[in-house]
Amino acid sequence: ADVFSQQQIPFLQNAEEGGYSKLLGEKPGVLIACAQDETEATAILRAAEKKKIPVIFYGPRPDEEEMSQYSACWYVGFDPALAGETVGTLLANAYQGGQPIDINNNLLLEFAALEDGSADAQAFVEGAVQAIEDTGFFTTNLGQFLPADFTAAWGELAPQAEAILCGTEGSALSLFDFFTQNPLAEGKSLP
């Protein structure tokens with residue numbers, strides 16, 4: 001059976017209402033999709049269900065209730081809370097190992113969260129904070145920011161931020177770009 005490839009997914013993502021059904025007229029054996037938001041996931045699910053095409057989502061997790069309405073739908077991905085716990089444990093271990101994470105010596109890990117507002121991003125950040133606190137450290141959240149707002153907020157964050165928790169891959173890439181391309185970030189490094 002034919003499978004939609006990664007190169008074909010943008011056609012789905014950019015199709016207008018009804019465009020999904022037209023594209024699925026080719027009747028692939030399975031549809032593999034990365035929906036960027038719940039509206040897109042719902043449109044893909046409805047179009048695939050009409051054609052009785054199984055759907056496998058990856059990337060951002062679609063709404064569980066929407067997915068449960070179509071029995072031939074699955075999600076393949078990771079548990080963002082567990083990923084956050086892993087990052088939080090690594091930060092706590094570095095601090096216990098003598099890494100200079102508490103740069104202002106106030107016994108708090110002061111962090112900012114860079115996230116897109118998604119449930120996955122929030123679960124990641126909450127998992128990281130919980131893991132840090134479970135090892136006996138205290139944390140202070142300096143704020144949660146969308147990647148687009150981070151540059152403006154950096155002036156206030158720079159003197160205090162000891163870590164920036166990125167809730168998504170896109171947020172991490174935005175932060176990397178900021179630190180490699182922005183003169184405001186010169187001389188500042190974070191764990």
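**Exercise 1. In this predicted model, find the handedness of the crossing between helix 5 and helix 6, then describe their contact.**

Step 1. Look along the place where the two helices meet: helix 5 passes helix 6 in a right-handed crossing.

Step 2. Add the geometry. Helix 5 covers residues 80-96 and helix 6 covers residues 119-134. The two pack at an angle of about 35 degrees, and their axes are 6 Å apart.

Step 3. List who takes part. Helix 5 contributes Pro-80, Ala-81, Ala-83, Gly-84, Glu-85, Val-87, Gly-88, Thr-89, Leu-91 and Ala-92. From helix 6 come Asp-120, Ala-123, Phe-124, Gly-127, Ala-128, Ala-131 and Ile-132.

Step 4. Sort these residues by class: 11 are nonpolar, 4 polar and 2 charged.

**Exercise 2. How are the 3 strands of the sheet ordered, and in which sense do they pair?**

Step 1. Trace the order, which is 1-2-3 in an open sheet with parallel pairing.

Step 2. Find the edges. Strand 1 (31-33) and strand 3 (73-75) each pair on one side only, which makes them the edge strands.

Step 3. Check the twist: going from one strand to the next, it averages 20 degrees.

Step 4. Zoom in on one pair. Strand 2 (residues 55-57) joins strand 3 over 3 bridges, in the parallel sense. For Val-55, the bridge partner in strand 3 is Cys-73.

Step 5. Now see what lies against the sheet. Helix 3 packs on it, touching strand 1, strand 2 and strand 3. The direction of this helix makes about 160 degrees with that of strand 2.

**Exercise 3. Compare the reach of helix 3 with its expected span, and name its buried residues.**

Step 1. Helix 3 runs over residues 38-50, 13 residues in total. From first C-alpha to last it reaches 18 Å, close to the 18 Å expected at 1.5 Å a residue.

Step 2. Pick out the buried positions of helix 3: Glu-40, Ala-41, Ala-43, Ile-44, Leu-45, Ala-47 and Ala-48.

Step 3. Keep a helpful rule in mind: an α-helix has 3.6 residues a turn, so residues three or four places apart point the same way.

**Exercise 4. Is Lys-52 buried or exposed, and what is its phi?**

Step 1. Locate the residue. Lys-52 follows helix 3 and sits in the loop between helix 3 and strand 2.

Step 2. Read the backbone angle: phi of Lys-52 is near 55 degrees, a positive value in a residue other than glycine.

Step 3. Apply the cut-off. Exposed means over 50% relative accessible area. Lys-52 has 66% relative accessibility, so it counts as exposed.

Notes:
Residues are numbered from 1 along each chain as its sequence is written. This is a predicted model: local features need pLDDT of at least 70, side-chain atom pairs count only at pLDDT 80 or more; totals for chains, interfaces and linings use all residues. Side-chain values use heavy atoms; hydrogens and water are left out. Axes are lines fitted to C-alpha atoms, for helices over the stretch in contact, and angles run from 0 to 180 degrees between N-to-C directions. Helices (H or I, at least four residues) and strands (E, at least two) are DSSP runs, numbered from the N terminus. A crossing is left-handed if the near helix is turned anticlockwise from the far one by less than a right angle, and right-handed if clockwise. Contact means heavy atoms within 4.5 Å. Ala, Val, Leu, Ile, Met, Phe, Trp, Tyr, Cys and Pro count as nonpolar, Asp, Glu, Lys and Arg as charged, and the others, Gly among them, as polar. The expected span of a helix is 1.5 Å times one less than its number of residues. Buried means under 20% relative accessible area, exposed over 50%, partly exposed in between (1.4 Å probe, protein chains only). Two strands pair if DSSP finds at least two bridges between them.
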